[in-house]
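Open the model in a viewer and keep the sequence alongside. The stops below are given as residues to select, with what is found at each.

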Amino acid sequence: MRTLLVILTAAVFTSGCFYSEDALITRRAADFPIVEGVYDHRPYHPDGRPFDRTTWSGEIEREGWSYASDVDAFPHQNIRLRELTPGIFAAQSVNEDRHYLFGLVWVYPSGLVTYHNPSCSDLSDTARETYGLLEEMTDGYCRIDRWDVLSAVLLTYLSEHDGRPRIDGEYRPNRD
């Protein structure tokens with residue numbers, strides 16, 4: 001059951017609705033705000049409640065230009081971050097089809113890391129029109145080909161959700 005939850009959590013993140021065929025967070029632009037160490041991962045239910053137990057635990061470390069773990073089934077293997085605004089980062093992962101997928105990550109001074117998987121369909125029609133995404137939207141997915149557009153879209157998305165969209169999961173430092 002635990003393995004299934006980890007797989008489902010990873011699938012939620014990697015099914016992101018903003019994607020690109022090229023990396024928009026390059027090695028040179030990547031930021032590394034997460035302190036290396038042991039973390040416990042807990043996804044959240046769609047209603048905002050955290051799961052009642054940890055679904056993954058292990059060491060997260062910087063590996064080259066991304067974050068990784070040697071512990072099996074790390075839900076966000078090889079993720080890259082780039083700061084949008086203090087404490088809020090765009091996250092980039094790559095799926096098995098070599099598409100780059102994007103999400104949002106908050107890193108807190110306490111070491112807590114939370115994330116949200118934004119959906120293009122949750123962006124207003126006005127915003128999608130402004131950024132030229134109406135014609136790029138297919139089955140709820142929006143293709144974005146430039147960092148400046150992605151960063152503007154994610155900041156608009158945050159603004160349209162009062163700066164605090166639903167949290168989809170957390171990584172809490174394990175201090176044991």
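Is F74 buried or exposed? Select F74 in this predicted model: its relative accessible area is 10%, so F74 is buried.

**Aromatic pairs**

Keep F74 selected and add Y171. The ring centres of F74 and Y171 are 6.0 Å apart and the ring planes meet at 70°, so this pair is edge-to-face. The two residues come from distant parts of the chain, 97 residues apart. F74 sits in the loop between strand 4 (66-68) and strand 5 (80-85), while Y171 belongs to strand 11 (residues 169-173). Y171 has a relative accessibility of 6% and therefore counts as buried.

Now add W56 and Y115 to the selection. Ring pairs link W56, F74, Y115 and Y171 into a cluster. Over the whole structure, a search finds six aromatic pairs.

**Arginines over rings**

Next, select F32 and R62. R62 lies over the face of F32, and the distance to the ring centre is 3.7 Å. Then move to W106 and R164. Here R164 is placed over the face of W106, at 4.8 Å from the ring centre.

**H116**

Select H116, which is part of strand 8 (residues 113-116). Its relative accessibility is 1%, so H116 counts as buried. Which side chain does the side chain of H116 join in a polar contact of 2.8 Å? That of Y157. The side chain of H116 also reaches a backbone atom, the oxygen of R166, at 2.6 Å.

To see the surroundings, show the contacts of H116 and leave out its neighbours within four places in sequence. What remains is G103, L104, W106, Y157, P165, R166 and D168. W106 appears in this list and is also the residue whose ring face lies under R164.

**Two residues with positive phi**

Most residues other than glycine have a negative phi. Select N78 and check its backbone: phi is positive, about 60°, although N78 is not a glycine. N78 is in the loop between strand 4 and strand 5, the loop that also holds F74. With a relative accessibility of 39%, N78 counts as partly exposed.

Select D162 for the other case. Its phi is positive as well, about 55°, and D162 is not a glycine. D162 is located in the loop between helix 3 (147-160) and strand 11. Its relative accessibility is 73%, so D162 counts as exposed.

**Cysteines**

How many disulfides does a search of the whole structure find? The search finds one. Select C120 and C142, which this disulfide joins with an S to S distance of 1.7 Å. The angle about the S-S bond is -55°, and the link of C120 and C142 is left-handed. The disulfide links distant parts of the chain, with C120 and C142 22 residues apart. C120 is in the loop between strand 8 and helix 2 (125-130), and C142 is in strand 10 (residues 141-143). C120 and C142 are both buried.

For the last stop, add C17. Why is the sulfur of C17 not in a bond with the closest cysteine sulfur? That closest sulfur is in C120, and at 7.0 Å it is too far for a bond. C17 has a relative accessibility of 14% and so counts as buried.

Definitions and conventions
Residues are numbered from 1 along each chain as its sequence is written. This is a predicted model: local features need pLDDT of at least 70, side-chain atom pairs count only at pLDDT 80 or more; totals for chains, interfaces and linings use all residues. Side-chain values use heavy atoms; hydrogens and water are left out. Rings of Phe, Tyr and Trp (its six-membered ring) pair if their centres lie within 6.5 Å; planes under 30 degrees apart count as stacked, over 60 as edge-to-face and the rest as tilted. Helices (H or I, at least four residues) and strands (E, at least two) are DSSP runs, numbered from the N terminus. Buried means under 20% relative accessible area, exposed over 50%, partly exposed in between (1.4 Å probe, protein chains only). A charge sits over a ring if NZ of Lys or CZ of Arg is within 6 Å of the ring centre and within 35 degrees of the ring normal. A polar contact is a pair of N or O atoms within 3.5 Å; within protein, one must be able to donate a hydrogen and the other to accept it, and residues adjacent in sequence count only if both atoms are side-chain atoms. Contact means heavy atoms within 4.5 Å. A disulfide is a pair of cysteine sulfur atoms within 2.5 Å.
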